[in-house]
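Got the model open in your viewer? Let's walk through it one selection at a time.

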Amino acid sequence: MIQIRRAGERGHFDHGWLDTFHTFSFGDYYDPAHMGFRDLRVINEDRVEPGAGFPTHGHRDMEIVTYILEGALQHRDSLGTGSVIRPGDVQRMTAGTGVTHSEHNASSTEPVHLLQIWILPQAPGLPPSYEQKAFPTEGRRGRWQLVGSRDGRNGSVTIHQDVSLQLADVGADASLDYVLAPGRHAWLQVARGSVGVDGQILETSDGAAISDMRSLRITGREPAEALLFDLA
């Protein structure tokens with residue numbers, strides 16, 4: 001079964017410095033029909049104007065994953081981390097018992113376009129931690145590239161939950177399969193481009209909740225970049 005979440009149906013706020021879309025309920029956007037999917041709680045698509053950003057604020061008991069589509073994001077946190085996140089990088093921050101951080105557009109001239117993802121942790125009260133790794137695009141051209149997992153296998157970042165996060169670049173008219181283990185679910189998010197999945201068409205920024213299926217075939221209708229969350 002595939003349930004599609006269309007890009008145009010998401011919550012949307014334009015704050016001037018921030019243009020943001022919420023796949024699931026977040027902040028001032030509340031929709032009881034879209035509170036998350038399995039342990040996936042937030043997918044926000046943000047565009048931040050040059051020189052602008054999120055001032056220092058706090059989080060607890062959440063796995064926060066940031067993926068940059070265009071531009072660069074400057075990160076600072078109470079763990080002492082200071083870094084710049086660029087396209088191809090995956091950042092994971094475990095908020096755990098509590099962490100504060102700020103995120104700003106690292107450029108004074110170009111906007112930054114990103115996905116911020118929240119995943120419920122396997123347990124409350126984890127020690128706060130930070131991890132950032134670069135994943136070259138060559139590793140996902142025409143295949144799945146594991147970038148996040150519970151055990152950090154194959155060089156992926158460690159997400160403290162039973163989830164695997166995969167990236168793929170799918171060419172036009174090319175197909176890519178993914179097999180789900182029994183009892184597993186998936187969320188597919190199209191970052192750009194257009195794909196077909198089981199007779200359904202997903203365009204840029206569309207998402208899909210997938211359950212009760214053992215395998216998926218994703219076909220590029222035009223060159224596309226997709227994220228797949230394999231969830232318990």
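Start by selecting Gly11 and His22: Gly11 stands opposite His22 in E3. You are looking at a predicted model, and this pair sits where E2 and E3 run antiparallel, held in register by four bridges.

**Widen to the sheet**

Now show the strands E2, E3, E4, E11, E6, E9 and E12, in that order: these seven form an open sheet with antiparallel pairing. Strand E2 (11–14) and strand E12 (129–134) are its edges, each pairing on one side only. From one strand to the next, the twist averages 15°.

**Move to E11**

Next, select residues 112–119, which make up strand E11. Who are the neighbours of E11? On one side, strand E4 (residues 40–48) pairs with E11 in the antiparallel sense over eight bridges; pick Leu40 and you will find Ile119 as its bridge partner in E11. Strand E6 (residues 63–70) also runs antiparallel to E11, joined to it by seven bridges. To see one of these bridges, pick Ile68, whose partner in E11 is Leu114.

Show the side chains of E11 next. Are they buried or exposed? Eight of its eight residues are buried. Colour Val112, Leu114, Gln116 and Trp118 for one direction, then His113, Leu115, Ile117 and Ile119 for the other. In a regular strand, side chains alternate between the two faces of the sheet.

**Into the core**

Keep Leu40 and Ile117 on screen and add Trp187, Leu227 and Phe229: within the largest nonpolar core, of 24 residues, these five touch the most other members. Strands supplying at least two residues each to this core are E4, E6, E11, strand E15 (163–170), strand E17 (185–197) and strand E20 (215–231). For a second, separate core, select Ile2, Tyr178, Leu188 and Ile210, which are among its 21 residues. In soluble globular proteins, nonpolar side chains tend to be buried together.

**Last stop: the pocket**

Return to His22 and switch on a surface. The largest pocket holds about 290 Å³ of space, and among its 19 lining residues, those closest to the centre are Leu18, His22, Phe26, Asn44 and Phe54. Which strands contribute at least two residues each to the lining? Highlight strand E3 (18–22), E4, strand E5 (53–59), strand E10 (99–105) and E11. Finally, colour the lining by residue type: seven residues are nonpolar, nine polar and three charged.

Technical notes:
Residues are numbered from 1 along each chain as its sequence is written. This is a predicted model: local features need pLDDT of at least 70, side-chain atom pairs count only at pLDDT 80 or more; totals for chains, interfaces and linings use all residues. Side-chain values use heavy atoms; hydrogens and water are left out. Buried means under 20% relative accessible area, exposed over 50%, partly exposed in between (1.4 Å probe, protein chains only). Two strands pair if DSSP finds at least two bridges between them. On a 1 Å grid over the protein atoms alone, a cavity is a set of points where a 1.4 Å probe fits but cannot get out, and a pocket is an open set with protein on both sides within 12 Å along at least five of seven lines; lining residues have an atom within 4 Å of a point. Grid points are joined across faces, edges and corners, and a volume is the space filled by probe spheres set on the points. Ala, Val, Leu, Ile, Met, Phe, Trp, Tyr, Cys and Pro count as nonpolar, Asp, Glu, Lys and Arg as charged, and the others, Gly among them, as polar. Axes are lines fitted to C-alpha atoms, for helices over the stretch in contact, and angles run from 0 to 180 degrees between N-to-C directions. A nonpolar core is a set of buried Ala, Val, Leu, Ile, Met, Phe, Trp, Tyr and Cys residues joined through side-chain atoms within 4.5 Å.
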